[in-house]
Amino acid sequence: MAVALEGGCRVSTMHEGDSGVFGSLKVWTQIGRATGAEAISLRILEFGPGTSPGLRNQEFDEVIYVQEGDCTVFIDDAAYEVGPETGIYLRPGQTLTVENSGPNLVRFVSSQCPKDTSSTPSEGPPIVKLSDRRALPTADRWYRVLVDDEIGSEQVTQFVGSIPPGRAPDHFHEYEEVLFILRGEGRMWAGQTNTPIGPTSCIYLPKRQVHCVENTGEGELRLLGVFYPAGSPAVRYEA
């Protein structure tokens, strides 16, 4: 069951609620306007064997993270072989189709944000592997940016971050953010409220909400983050 924390922060699990079914595709929407977000969403897309229906991106910048499985993605007429730990950027108006030729499911974590029609993004490749991105240190942790203006989006930033055991100081950001926990155990703090988090937890953080992700385990806590407007994951303001 989803947990509401201070200031509109929300924590759920990836299969919370009912899914939409579209052929071989199942979709769970965990964060969006219906749950209190202003301009960002978080959806879980699971593709069974076969070819999915075409998913047309409308007026959004959409960023996708391949969390599980190998497949071929078609973005309009271009085909790309992708596997876990891959970021994908979809421009407004593009159509995504997924061909899953194996017996196991393929899972994407997707976020959409409004597109600023005045921007002029680059035309670089829309696929990026986590292993190809440099780890950038910040305090006692690191992050790797996947999708940003270098890949094509001037509106939204997608990154993977690593948090060591312990709790960093409470802080806030000047952007709206969603998180998806990839590995590890911890607690999500929003002000004076908190709740346990673990793999596949989905988290919504409103702009300027004081928060902290605490790693309560003995190893790494790794998370996927997406925020809007775009910027650097290293920029934070202590409460």
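Tutor: Start with one definition. Two strands count as paired if DSSP finds at least two bridges between them. Keep in mind that this model is predicted.

Student: Which residue in β23 stands opposite R10?
Tutor: Look at strand β2, residues 10-13. Strands β2 and β23 run antiparallel and are joined by 4 bridges. At least two bridges are needed for a pair, so these strands pass. Across from R10, in β23, stands Y204.

Student: Which strands are the edge strands of the open sheet?
Tutor: The open sheet has 8 strands, with antiparallel pairing. Their order is β1-β2-β23-β20-β25-β17-β16-β15. An edge strand here pairs on one side only. That gives β1 (3-4) and β15 (136-138).

Student: Where is V160, and is V160 buried or exposed?
Tutor: V160 belongs to strand β17, residues 157-163. Its relative accessible area is 0%. Buried means under 20%, so V160 is buried.

Student: What does V160 touch, leaving out residues up to four places away in sequence?
Tutor: Find V160 in β17 and look around it. Sequence neighbours up to four places away are not counted. The list is Y65, L130, W142, Y143, R144, L146, L182, R222, L223 and L224.

Student: How far apart are the C-alpha atoms of V160 and I88?
Tutor: Along the chain, V160 and I88 are 72 residues apart. In space, their C-alpha atoms are separated by 13 Å.

Student: Which residues touch the most other members of the largest nonpolar core?
Tutor: That core has 28 residues. Strands that each supply at least two of them include β4 (25-31), β5 (42-47) and β8 (60-68). A second, separate core of 19 residues includes V11, F159, I181 and L205. In the largest core, the residues you want are I40, L42, I44, Y65 and F180.

Student: Is the pair F172 and Y237 stacked or edge-to-face?
Tutor: A search of the whole structure finds 4 aromatic pairs. In this one, the ring centres are 5.6 Å apart and the planes meet at 25°. Planes under 30 degrees apart count as stacked. So F172 and Y237 are stacked.

Student: How many residues apart in sequence are the parts that this pair ties together?
Tutor: F172 is in strand β19 (residues 171-172). Y237 is in strand β26 (residues 237-238). The pair therefore links parts whose separation in sequence, in residues, is 65.

Student: Which of F172 and Y237 is buried, and which is partly exposed?
Tutor: Compare the values with the 20% limit for buried. F172 has 14% relative accessibility, so F172 is buried. Y237 has 39%, so Y237 is partly exposed.

Student: Which residues form one aromatic cluster?
Tutor: One member, F159, also belongs to the second nonpolar core. The cluster is made of F159, Y175 and F227.

Student: How far is R167 from the ring centre of W189?
Tutor: Two arginines are worth a look. The charged end of R144 sits over the ring of W142, 5.2 Å from its centre. R167 lies over the face of W189, and there the distance to the ring centre is 3.9 Å.

Student: What is the length of the polar contact between the side chains of S110 and E62?
Tutor: S110 is in strand β13. At 0% relative accessibility, S110 is buried. S110 is in contact with E62, and with others including S41 and L42. The polar contact between the S110 and E62 side chains is 2.6 Å.

Student: Which residue's backbone oxygen lies 3.1 Å from a polar side-chain atom of H173?
Tutor: H173 is in the loop between β19 and β20. With a relative accessible area of 6%, H173 is buried. Among the residues H173 touches are K207, V235 and Y237. The backbone oxygen at 3.1 Å belongs to V235.

Student: What is the phi of D76 in the hairpin turn?
Tutor: Strands β9 (residues 71-75) and β10 (residues 78-82) pair antiparallel over 5 bridges. C71 stands opposite V82. The hairpin has 2 residues between its strands. D76, in the turn, has a positive phi of about 55°.

Student: How far apart in space are T195 and V11, C-alpha to C-alpha?
Tutor: T195 is in strand β22, residues 193-197. At 9% relative accessible area, T195 is buried. V11 is among the contacts of T195. They are 184 residues apart in sequence, but the C-alpha distance is 7.9 Å.

Definitions and conventions. Residues numbered from 1 in each chain as written. Predicted model: local features only at pLDDT ≥ 70, side-chain atom pairs only at ≥ 80, totals over all residues. Heavy atoms only, no water. Phe/Tyr/Trp six-rings, centres within 6.5 Å; stacked < 30°, edge-to-face > 60°. Buried < 20%, exposed > 50% of the residue type's maximum accessible area, 1.4 Å probe, protein only. Lys NZ or Arg CZ within 6 Å of the ring centre and 35° of its normal. Core = buried A, V, L, I, M, F, W, Y, C linked by side-chain atoms within 4.5 Å. Contact = heavy atoms within 4.5 Å. Polar contact = N/O pair within 3.5 Å; in protein donor to acceptor, adjacent residues only side chain to side chain.
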